[in-house]
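Dear colleague,

I am handing over the structure below, and I would be grateful if you could look through it with the notes that follow beside you.

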Amino acid sequence: MSQVLNDPLAQFFALLVLRSLAKFTLPGSTLTRFSLNLVLFAILTGLLIYNGMPPYMPLAAGTSVVDQFSDGMLKTIWWIGGAAVLVSAVRMFLILEEKPNEGRLLQDIVIAVIYTGAAFCVFAYVFRLPVGTVVATSGVFAIALGLALQSTLNDVFSGIALNLNRPLSVGDWVVLDENVQGKVLETNWRSTQFINGTGDLVVVPNSILAKSRITNLSVPNASHGASFRIKLSPTILPSKIIEIFDKVLLSSNEILRAPAPSAAIVSLNRDAIEVEVSYRVPDIYSVARARTELFDLVYRHTTAVGLELATAPPRDEAARQADLTLPAPTAHLAKFMGLFPLFDVLTAKEKVDLTTDMAHHVFKKDEVIAHKGAASTSLMLLKSGVAALVDTDGKKHVEYRRLAPGDLFGERGVLLGALESCEVRAVSSVIVCEITKNRLAAVLQERPAIAEQLALILSARTRAEEAIHAAGIHQTPHSIDTLRTRIRHLFYLK
């Protein structure tokens, strides 16, 4: 029994049994595996030295075949075990850095070097082969293989350089020479994969990527800057145009407030005044949505003050003659009514009649236009300036949305007699047009289709408020059919 216990092979198999039991009983985390490999490697080292078989010393001549086999097997396992401990340390380091994807290529290289070194040590200390001859032979083979795989090796070493320099990371949105742009999906030995704006996979060899001019839109942060230019008719002072564009930027709900957006005159001639608008958005995916919103706001704000685009197509003769028959202020208000799709069903004369009946109210900056908890008795149309929907709860003020010319409010109180869930506050100087409840009732009697549109507007706004208040005050949303029925009943519509 004592001979069995003193046998190196028996000790080794007992160590294997302990390793298997520990694998199934201990948690399978990376730290646990590293600690277990380190402890077992230390025990194996002690066993080899205790039995007079140092793994770094070749076997003495004249040893029996059985001893040579057991000695070689144990020393080979020792070298492989040492390599496994180093590999576990490398994996542990990369996980602690919390960047396993970015370091995957470098990790593979380090692991390959470790196992290659372990293989040479086995050749030298276990099989007593001349390592110099093996290296020379492998060098000749490597040269021949390198010539055959020159293009592939170029991609591999370019990938190594990219991973060491890190001009891009997985998840970044990058532009290559203004031709290829997309989100980095993966970087491997040979190529880098992107997902472009249309959702297609783009594969770029690392050798081409290393020679390209890379613009990383996700560094130093995810926000992205954008700009566009607009040409306007030179009918008012450039300083007034800048004031209009300041209101355009103030009324946007998509762009960032910091750093502050800006508008500047870049050219001026007798045909047009060109304005450049610069802004930042939270991420690259918001650029198109923010640009569309800003174009819409530019049109609404310029139309509200009677300013036309320099590149606007010529108007048809019938529309031009219709405007000439109207006084200038009335024609301007009729054009302003075109900002509200709600009134598209009205004829030109009905729009003029409605605008002449509206009262105009002027509010200064930071003045409250409609108070929270009050029931509006009129439908309010924003004619010029910027307003905001703000929820006030003691000292807390939460801004939900900004309003621009073409937006309306007060429909909740007029249509349902309900209280306003938030206040409307002027962000800049504001002009508001008021349509009284009696005047609106007369319009709805003539054009019942407007009631359908009002029901859609109020339903959409109710759903939006329900989403905003999901974590706080709960309000019961009304369905479109319910709102349509209540509106028809309130205004005696068929």
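In this predicted model, the side chains of Glu 399 and Arg 402 meet in a salt bridge, with 2.6 Å from N to O. The two partners differ in their surroundings, since Glu 399 is partly exposed with a relative accessible area of 40%, whereas Arg 402 is buried with a relative accessible area of 11%. As a general point, side chains of opposite charge can pair when their charged atoms come close.

A second pair is formed by Arg 425 and Glu 423, whose side chains meet in a salt bridge at 2.4 Å, N to O. Here Arg 425 counts as partly exposed, at 23% relative accessibility, while Glu 423 counts as buried, at 7% relative accessibility.

A third salt bridge brings together the side chains of Glu 276 and Arg 229, at 3.8 Å from N to O. Glu 276 lies in strand β8 (residues 273-281) and Arg 229 in strand β6 (residues 224-232), so this pair ties together parts that are 47 residues apart in sequence. Both residues can be placed by their accessibility as well: Glu 276 is partly exposed, with a relative accessible area of 24%, and Arg 229 is partly exposed, with a relative accessible area of 49%.

The count of salt bridges in the model comes to 12, and there is also a network of salt bridges that links Asp 296, Arg 300, Arg 401 and Asp 407.

That network leads on to helix α10, which covers residues 287-304. This helix has 18 residues and reaches 26 Å from its first C-alpha to its last, close to the 26 Å expected at 1.5 Å a residue. Among the buried residues of α10 are Val 287, Ala 290, Leu 294, Leu 297 and Val 298, and the charged residues Glu 293 and Arg 300 are buried there too. In an α-helix there are 3.6 residues a turn, so residues three or four places apart point the same way. Just after α10, Gly 306 takes a positive phi of about 80°.

Finally, where on the surface should you look for a nonpolar patch? Val 17, Leu 18 and Leu 21 make such a patch, with an area of about 290 Å². Leu 18 is found in helix α2 (residues 8-25), and Leu 18 is exposed, with a relative accessible area of 51%.

With best wishes

Terms used. Residues are numbered from 1 along each chain as its sequence is written. This is a predicted model: local features need pLDDT of at least 70, side-chain atom pairs count only at pLDDT 80 or more; totals for chains, interfaces and linings use all residues. Side-chain values use heavy atoms; hydrogens and water are left out. Helices (H or I, at least four residues) and strands (E, at least two) are DSSP runs, numbered from the N terminus. The expected span of a helix is 1.5 Å times one less than its number of residues. Buried means under 20% relative accessible area, exposed over 50%, partly exposed in between (1.4 Å probe, protein chains only). Patches are made of residues with over 30% relative accessible area and no salt bridge: like charges are joined within 9 Å, nonpolar side chains (Val, Leu, Ile, Met, Phe, Trp, Tyr) within 5 Å. Accessible areas come from the Shrake-Rupley method with a 1.4 Å probe; for residues, only the protein chains shown count as cover. A salt bridge is a side-chain nitrogen of Lys or Arg within 4 Å of a carboxyl oxygen of Asp or Glu.
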